[in-house]
Amino acid sequence: MNDIKTLGGIEIIVIAIFALFKIIRKSALENTSSEAIRIFLLSFPNFCEGVIGVLTLTMIGLIISKYLNIGYSVIYLLATVIAAIYVITQELKFHNLGGKNVYDPNDLVFSIIGLLVGYTIVHKLQPRINT
């Protein structure tokens with residue numbers, strides 16, 4: 001369970017950073033003329049969504065692995081693929097399950113980077129669950 005707690009702790013940090021950026025975004029957008037900063041402020045939540053999706057699905061997969069004989073590397077990959085399907089189809093406007101979404105290629109790029117970072121985290125940590 002310690003590995004799930006570690007992933008949960010990372011997730012809480014990402015959520016806190018996400019919330020901070022949501023709080024400062026409006027005033028920061030009003031006070032900057034830099035296009036790069038504007039793109040970052042508007043697309044950063046998509047990065048967080050990708051990371052959080054992979055971490056959450058990995059934690060769920062670890063719990064399920066207690067009852068099914070699923071290899072950990074399969075869980076990491078499957079969690080990333082399921083998160084990618086959700087996040088990318090949302091960015092491409094196949095659904096609006098996460099709220100009203102406007103297509104922006106920068107959002108798609110940030111989402112994919114977030115998915116890759118999430119996968120890298122679980123791949124490096126190699127979280128396990130005691131059975």
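Biologist: Where is Leu68 placed?

Modeller: In this predicted model, Leu68 sits in the loop between H2 and H3.

Biologist: Why is Leu68 called partly exposed?

Modeller: The relative accessibility of Leu68 is 46%. Buried would require under 20% and exposed over 50%. Leu68 meets neither condition, so the label is partly exposed.

Biologist: What makes Leu68 part of a nonpolar surface patch?

Modeller: Leu68 is one of the residues that form the patch, along with Ile60, Ile63, Ile64, Tyr67, Ile70, Val74, Leu78 and Ile82. The patch comes to about 820 Å². Helix H2, residues 35–65, and H3 are the elements that give two or more residues to it. Membership calls for over 30% relative accessible area, and Leu68 at 46% passes that test.

Biologist: How do you know that Val74 passes the area test as well?

Modeller: Val74, in helix H3, has a relative accessible area of 44%. The patch cut-off is over 30%, so Val74 qualifies on area. The label for Val74 is partly exposed, because 44% is neither under 20% nor over 50%.

Biologist: Which distance is given between Val74 and Gly61?

Modeller: Their C-alpha atoms are separated by 9.3 Å, with the two positions 13 residues apart along the chain counted as their spacing.

Biologist: What makes Leu78 partly exposed rather than exposed?

Modeller: Leu78 has a relative accessible area of 47%. Exposed needs over 50%, so Leu78 falls into the partly exposed class. Leu78 lies in helix H3, which covers residues 72–91. The C-alpha atoms of Leu78 and Leu57 are 8.4 Å apart, and the two residues are 21 apart along the chain.

Biologist: Why is Thr56 put in the partly exposed class?

Modeller: Thr56 has a relative accessible area of 27%. Buried means under 20%, so Thr56 is not buried, and with over 50% needed for exposed, partly exposed remains. Thr56 belongs to helix H2. From the C-alpha atom of Thr56 to that of Ser43, 13 residues away along the chain, the separation is 20 Å.

Biologist: What makes the backbone of Lys93 worth a remark?

Modeller: Lys93 is not a glycine, yet its phi is positive, at about 65°. The remark is made because most residues other than glycine have a negative phi. Lys93 is in the loop between H3 and helix H4, residues 105–125. At 40% relative accessible area, Lys93 is neither under 20% nor over 50%, and therefore partly exposed.

Biologist: What is the phi of Gln126, and where does the residue lie?

Modeller: Gln126 has a positive phi of about 50° and is not a glycine. The residue lies in the segment after H4. Its relative accessible area is 30%, so Gln126 is partly exposed by the limits of 20% and 50%.

Biologist: How do you know which residues Phe18 touches?

Modeller: A contact requires heavy atoms within 4.5 Å. Leaving aside residues up to four places away in sequence, Phe18 touches Phe44, Pro45 and Cys48. Phe18 is placed in helix H1, residues 2–30.

Biologist: Is Phe18 buried or partly exposed, and how do you know?

Modeller: Phe18 has 26% relative accessibility. Buried ends under 20%, so Phe18 is partly exposed. The C-alpha atoms of Phe18 and Phe94, 76 residues apart along the chain, are separated by 24 Å.

Biologist: How many helices and strands does the chain have?

Modeller: Four helices and zero strands. The order from the N terminus is α-α-α-α. The C-alpha trace spans about 55 × 30 × 20 Å along its principal axes.

Biologist: How many residues are there, and what share counts as buried?

Modeller: Of 131 residues, 37% count as buried, the cut-off being under 20% relative accessible area. The accessible surface is about 7800 Å², with 68% of it on carbon and sulfur atoms.

Biologist: What share of the contacts joins residues at least 24 apart?

Modeller: The share is 73%, taken among contacts between residues at least 6 apart in sequence.

Biologist: How many positive and negative side chains are there?

Modeller: There are 10 positive and 8 negative side chains, and the centres of the two sets are 6 Å apart.

Methods. Residues numbered from 1 in each chain as written. Predicted model: local features only at pLDDT ≥ 70, side-chain atom pairs only at ≥ 80, totals over all residues. Heavy atoms only, no water. Buried < 20%, exposed > 50% of the residue type's maximum accessible area, 1.4 Å probe, protein only. Areas by Shrake-Rupley, 256 points an atom, 1.4 Å probe, with all protein chains shown as cover. Lys, Arg positive; Asp, Glu negative; His and termini not counted. Charge placed at Lys NZ, Arg CZ, Asp CG, Glu CD. Patch = residues over 30% accessible without salt bridge, like charges linked within 9 Å, V, L, I, M, F, W, Y side chains within 5 Å. Salt bridge = Lys/Arg side-chain N within 4 Å of Asp/Glu carboxyl O.
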